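Subject: Structure handover

Hello,

Here is the structure I said I would pass on. Please open it first, then read the notes below with it on screen.

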Amino acid sequence: MTPDIARAIVQADQLWRGGRLAEAEQTLRRLLAAYPDTAPALHLLAHLLQLKDEPTEATRLAQRAAALSPHDAAIANTLGNLLYAGGDVAAAQAAYAKAAAAQPGYAEAHHNHGLMLRELGCASDALAAQQRAAALRPYPEALAQIGHLLAAQGRHGEALPRLDEALRLRPNYFDALYYKGVSLTALQRHEDAQ
């Protein structure tokens, strides 16, 4: 990547973070008109278009970015998010798996992969993915999913510590509170479930 391209991407990112989305989009579109195969610019523009609720073009751009940069975990994760939002769970699962494989330390990719595996009915694989995410860093979403998956297997006693850990990290986290209530009720600890 040339310094000019890198500078334009940084400028667009700063505009975006400053809430100047239209200017960020214009900067990226000008850059892509001159350099159409710039994966980071395609990726950032896909994010912007997702925010503008333009999922078709956002997905197309993320797919191009992923084809140009097949080992970029962030691009694969973004593509997974867009595919999932578009209702293609199987393709989203494949994108998340690719993201997790490309960057094994990327907790969010493991978490997202686990969500898709759960939707596809692969509960044990989903649990393993969420456990990898939680092992990488304290991740309340992954911990709540671990609790949910354990509770769904009837392992309520094992679910509670993970749910409590999620709540220590994010007090009043609805998912963790809900699944904790389910497990406490199943264990007939009704007074604790209130």
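**A residue in helix H4**

Alanine 66 sits in helix H4. Is alanine 66 buried or exposed? Its relative accessible area is 14%, and the limit for a buried residue is under 20%, so alanine 66 counts as buried. Proline 40 is 26 residues away from alanine 66 along the chain, and the C-alpha atoms of the two are separated by 9.7 Å. Please keep in mind that this is a predicted model.

**The whole protein**

The protein has 12 helices and zero strands. Written out in order along the sequence, the pattern is α-α-α-α-α-α-α-α-α-α-α-α. The C-alpha trace spans about 65 × 30 × 25 Å along its principal axes. Of the 194 residues in the protein, 42% are buried.

**Two helix pairs**

Helix H4 also belongs to one of the two helix pairs in these notes. The axes of H4 and helix H5 (residues 73-85) come within 9 Å and cross at roughly 150°. An angle over 145 degrees counts as roughly antiparallel, so H4 is roughly antiparallel to H5. The crossing in which H4 passes H5 is left-handed.

The other pair is helix H8 (residues 123-136) with helix H9 (residues 140-152). How are H8 and H9 placed, parallel or antiparallel? Their axes come within 9 Å and cross at roughly 150°. H8 and H9 are therefore roughly antiparallel to each other. H8 passes H9 in a left-handed crossing.

**Salt bridges**

How many salt bridges are there by the rule used here? The count comes to 13. Among them are the pairs below.

- Arginine 64 and aspartate 37 meet through their side chains in a salt bridge, with 3.8 Å from N to O. Arginine 64 lies in helix H4 and aspartate 37 in the loop between helix H2 (21-34) and H3, so this pair ties together parts that are 27 residues apart in sequence. Arginine 64 is partly exposed, at 30% relative accessibility, whereas aspartate 37 is exposed, with a relative accessible area of 55%.
- Arginine 20 and glutamate 23 form a salt bridge through their side chains, at 2.6 Å from N to O. Arginine 20 has a relative accessible area of 43% and is partly exposed. Glutamate 23 has 34% relative accessibility and counts as partly exposed.
- Glutamate 158 forms a salt bridge with arginine 155, and the closest N and O atoms of the pair are 2.8 Å apart. Glutamate 158 is partly exposed, with a relative accessible area of 42%. Arginine 155 is partly exposed, with a relative accessible area of 30%. Elsewhere, Glu25, Arg29, Lys52, Glu54, Glu57 and Arg60 are joined into one network by salt bridges that share partners.

**Positive phi angles**

Where is aspartate 53 found? Aspartate 53 is in the loop between helix H3 (39-51) and helix H4 (55-68). It is not a glycine, yet its phi is positive, at about 60°. The relative accessible area of aspartate 53 is 63%. Exposed means over 50%, so aspartate 53 is exposed.

Asparagine 172 is another residue other than glycine with a positive phi, here near 65°. Asparagine 172 lies in the loop between helix H10 (156-169) and H11. With a relative accessible area of 67%, asparagine 172 is exposed.

**A nonpolar patch**

Which residues form a nonpolar patch on the surface? They are Phe174, Tyr178 and Val182, and together they have about 330 Å² of accessible area. Phenylalanine 174 is in helix H11 (residues 174-186). At a relative accessible area of 58%, phenylalanine 174 is exposed.

**Where to look**

If you want a short route through the model, start with alanine 66, which is buried. Go next to the salt bridge between arginine 64 and aspartate 37, then to the crossing of H4 and H5. After that, find asparagine 172 in the loop between H10 and H11, and finish at the surface patch that includes Phe174.

Regards

Key. Residues numbered from 1 in each chain as written. Predicted model: local features only at pLDDT ≥ 70, side-chain atom pairs only at ≥ 80, totals over all residues. Heavy atoms only, no water. Patch = residues over 30% accessible without salt bridge, like charges linked within 9 Å, V, L, I, M, F, W, Y side chains within 5 Å. Areas by Shrake-Rupley, 256 points an atom, 1.4 Å probe, with all protein chains shown as cover. Salt bridge = Lys/Arg side-chain N within 4 Å of Asp/Glu carboxyl O. Helix = DSSP H or I, 4+ residues; strand = E, 2+ residues; numbered from the N terminus. Buried < 20%, exposed > 50% of the residue type's maximum accessible area, 1.4 Å probe, protein only. Axes fitted to C-alpha atoms, helices over the stretch in contact; angles between N-to-C directions. Parallel < 35°, antiparallel > 145°, perpendicular 65-115°, else oblique. Left-handed = near helix turned anticlockwise from the far one by under 90°.
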